[in-house]
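Trainee: Could you take me slowly through one strand of this protein, together with whatever it pairs with and touches through its side chains? I would like to follow a single part closely before I try to read the whole.

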Amino acid sequence: MRRLRLRRAPRRPVERLAARPVRALAATAAATVLALTASGCVTVHGETALLPAVTKDEAAQALADFTAAYNRADKAHDPALDAGRVTGPLGAINQAGLRSRAVTSPGGNPNHQPLELTDARFVVPRKAGWPRWFLADTDSNRDVDQGRADQRWVLAFVRNGPQQLWEVAHLVVLSPRAVPEFAEEEGYAVPVAADSDAFAVAPEDLGAEYVAYLQDGKPGPYTAGPHTSLWREERQKGAKRPGLATQYIDRVADQGDFAPLGLRTKDGGAFVFFATRYFERQTAAQGYRPKVGPDIKALLTGDVKNTVTKEWVSDQVVLVKPAGADRDGVTVAGRLQGVVGAVGS
């Protein structure tokens, strides 16, 4: 499998991204790739050919172009400056965050520190037709390089046609040990079909299973952890605040560039990205209004009388065991989320 490295650049101390989940490009999570259903095919001598998604030079250029666009947008608080380099769940989170900051800090970002993504290792699958995608496993200057604080940024790049740009659809932040070893065939990563029955849960069903668990908490394929059982507990605690009722509605998001992406791992499992949306509805007691911070207010439509509903996009990366693991077959390795809209009533 082609894992190509770029030389690490000198690092600078930068404010941790995880401290500003809605205001930064992303915050907290774990990354990898799942096969999108092909919308076309490449014909070579009358046959459908499996082709590498990208070359070394093209992958390095795509990463550099993304980083440059992100830095321009973050410095100016202008979503138009990187709109052509992000898509899917990351695009929704990134663009909403920039729109919000353009209102709360219209003069640009006074604390801008350029993002640097170095030590890049590109994980490249082969497939026929479009869309194509690849994984970039990188080291960012948003952390330290030692101990438990060391992290990797894993980005899934997607391209839907020969005339389109490479765009980042998924981003997760993982510890180096959480990035798995990927299986390979003839030196390339092995993509996983969305409807594959070779795993405890087919990639196309991961979102539905996740949503069902968050709603009812019944035992299923997901292991306990910060993005499953502990997250449900946090929601339940928040719903019991005096004078404020909170409800959550979760939805699958799997169309277009929100579709799951995944690669087979050396242990026979899969490393899969998938996305969901959820709505957080807060209703205050009679005579009161829910508090709305400036970041949310910048995205708000309608007037807050006694209710505000926030729309979130959540991007997960999971490790899926091979078929036969009915319980605890899926572990959420990382998650990135952000508010993308709000409605008052």
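Mentor: Two strands are said to pair if DSSP finds at least two bridges between them. Please keep in mind throughout that this is a predicted model. The part I suggest is strand E14, which covers residues 270-284 and is mostly covered, since 11 of its 15 residues are buried.

Begin with the partners of this strand. Strand E12, which takes in residues 244-253, is joined to E14 by 10 bridges, and the two run antiparallel. If you look for Arg-281 in E14, you will find Gln-247 standing opposite. Arg-281 also has a bridge partner in E16, namely Thr-309, so this arginine is a useful place to put your finger while you compare the two pairings. Strand E16 itself takes in residues 307-320, runs antiparallel to E14, and is joined to that strand by 14 bridges.

A further pairing involves strand E13, made of residues 261-264, which is also antiparallel to E14 and is joined to that strand by four bridges. Here Gly-262 is the residue that stands opposite Val-272 in E14. E13 and E14 make a hairpin, with five residues lying between the two strands, and in the turn you will meet Gly-268, whose phi is positive, at about 95°.

Now turn from the backbone to the side chains, beginning with charge. Arg-277 and Glu-311 form a salt bridge in which the closest N and O atoms are 2.8 Å apart. This links distant parts of the chain, for Glu-311 belongs to strand E16 and Arg-277 to strand E14, and the two are 34 residues apart. So besides the bridges that join E14 to E16, this pair of side chains connects the two strands. To judge how covered the pair is, you need the cut-off that buried means under 20% relative accessible area. Glu-311, at 21%, therefore counts as partly exposed, and Arg-277, at 25%, counts as partly exposed too. Elsewhere, salt bridges that share partners bring Asp-119, Arg-121, Asp-137 and Arg-152 together in one network. Within this group, Asp-119 and Arg-152 meet in a salt bridge of 2.9 Å, N to O. Because Asp-119 lies in strand E5 and Arg-152 in strand E8, their pair ties together parts that are 33 residues apart in sequence. Asp-119 is buried at 10% relative accessibility, and Arg-152 is buried at 5%, whereas Glu-311 is partly exposed. A search of the whole structure finds seven salt bridges.

The aromatic side chains come next, and the structure holds 12 aromatic pairs. It helps to have an example from outside the strand before we return to E14: Phe-134 and Phe-157 form a stacked pair, with 4.9 Å from centre to centre and 0° between the planes. Phe-134 is in strand E7 and Phe-157 in strand E8, 23 residues apart, so that this pair too links distant parts of the chain. Both rings are covered, Phe-134 being buried at 0% relative accessibility and Phe-157 likewise being buried at 0%. In the case of Tyr-248 and Tyr-278, the ring centres are 6.3 Å apart and the planes stand at 50°, so the pair is called tilted rather than stacked. Tyr-248 lies in strand E12 and Tyr-278 in strand E14, 30 residues apart, and this pair again links distant parts of the chain. E12 and E14 are therefore connected through these two rings as well as through the bridges that join the strands.

Stay with Tyr-278 a little longer, for this residue is buried, with a relative accessible area of 3%. The charged end of Arg-235 sits over its ring, 4.9 Å from the centre. Tyr-278 thus has Tyr-248 as an aromatic partner and the charge of Arg-235 over its ring.

To put the picture together, trace E14 with E12, E13 and E16 as its antiparallel partners. Then add Arg-277 with its salt bridge to Glu-311, and finish with the buried Tyr-278.

Notes:
Residues are numbered from 1 along each chain as its sequence is written. This is a predicted model: local features need pLDDT of at least 70, side-chain atom pairs count only at pLDDT 80 or more; totals for chains, interfaces and linings use all residues. Side-chain values use heavy atoms; hydrogens and water are left out. Buried means under 20% relative accessible area, exposed over 50%, partly exposed in between (1.4 Å probe, protein chains only). A salt bridge is a side-chain nitrogen of Lys or Arg within 4 Å of a carboxyl oxygen of Asp or Glu. Rings of Phe, Tyr and Trp (its six-membered ring) pair if their centres lie within 6.5 Å; planes under 30 degrees apart count as stacked, over 60 as edge-to-face and the rest as tilted. A charge sits over a ring if NZ of Lys or CZ of Arg is within 6 Å of the ring centre and within 35 degrees of the ring normal.
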